[in-house]
Amino acid sequence: MKHQPERTCIGCRNVFAKDEVIRVVSGPTGIVIDYREKLPGRAGYVCPKRDCIQKSLNRENLARALRQKGRLPDPEEFISWLEKSIEDKIRSLIVMSAKAGKLAAGFSAVQDAVEKDRVRMLLFAQDLSAGTKEKLALTPVLMQRQATLFTRDEIGGLLSRELVGLIGITDEGLANAVWKETERLKGLIKISE
Ligand SMILES: [Zn+2]
């Protein structure tokens with residue numbers, strides 16, 4: 001296995017692989033989330049979990065990690081910034097999957113890809129009817145590898161189509177990347193399934 005640099009979460013003080021924690025940077029206007037890990041400045045790391053975020057945003061913890069003395073974001077505000085960053089990342093992964101021809105969209109295409117055992121992760125729109133979801137015959141693995149996020153209109157928009165209620169990602173790496181992001185959203189208690 002490739003060696004991963006480790007980072008300590010400001011909240012729980014546990015050590016994690018760098019890609020498991022979120023980088024936050026002390027900028028001129030206060031604390032910002034550096035989801036792409038590109039911003040300069042004094043950085044700290046926090047687990048993408050509600051508890052850790054609440055603990056991290058305590059003045060003492062943050063001051064020690066970032067020497068930040070300015071205005072601190074409120075945890076709910078911070079969580080909504082983080083949710084937005086994660087959702088943007090998922091949107092770009094969906095677009096990337098579609099461009100790479102690694103995505104099945106809509107009921108028939110997804111069902112067909114599932115039958116051929118090509119789907120590695122399923123994403124359902126929040127406004128997809130329960131009936132449609134139940135009609136899909138899924139493998140035990142796919143019963144677990146699924147998330148519910150965005151509306152049919154939003155997913156359709158990403159794919160330059162009308163309403164799209166479900167998609168299946170057929171590339172292992174891209175599916176893992178989307179899965180990791182949806183798990184993060186689940187840790188913030190936003191996403192269902
Ligand atoms: Zn933590």
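A residue is called buried here if 20 or more other C-beta atoms lie within 10 Å of its own, with C-beta atoms placed from the backbone. In this predicted model, 34% of the 193 residues of the protein chain count as buried by that rule.

The chain as a whole can be described in a few further values. Its secondary structure comes to 8 helices and 9 strands, and the C-alpha trace spans about 55 × 35 × 25 Å along its principal axes. When contacts between residues at least 6 apart in sequence are considered, 65% of them join residues at least 24 apart.

One part of the fold deserves a slower look, namely an open sheet of 4 strands, in which the order is S6-S9-S7-S8 and the pairing is mixed. Strands S6 and S8 form the edges of this sheet, each of them pairing on one side only, and from one strand to the next the twist averages 15 degrees.

The table gives the residue ranges of the elements discussed in this report.

| Element | Residues |
|---|---|
| Strand S6 | 103-105 |
| Helix H4 | 107-115 |
| Strand S7 | 121-124 |
| Strand S8 | 146-148 |
| Strand S9 | 166-169 |

Within the sheet, strands S7 and S9 pair in the antiparallel sense, and this pairing extends over 4 bridges. A reader who wishes to locate the pairing in the structure can begin with Phe-124, whose bridge partner in S9 is Leu-166.

A helix also belongs to this picture, since helix H4 lies across S6 and S9 and runs at about 30 degrees to S9.

Conventions
Residues numbered from 1 in each chain as written. Predicted model: local features only at pLDDT ≥ 70, side-chain atom pairs only at ≥ 80, totals over all residues. Pairing = 2+ DSSP bridges. Helix = DSSP H or I, 4+ residues; strand = E, 2+ residues; numbered from the N terminus. Axes fitted to C-alpha atoms, helices over the stretch in contact; angles between N-to-C directions. Contact = placed C-beta atoms within 7 Å. Buried ≥ 20, exposed ≤ 12 C-beta atoms within 10 Å, placed from the backbone.
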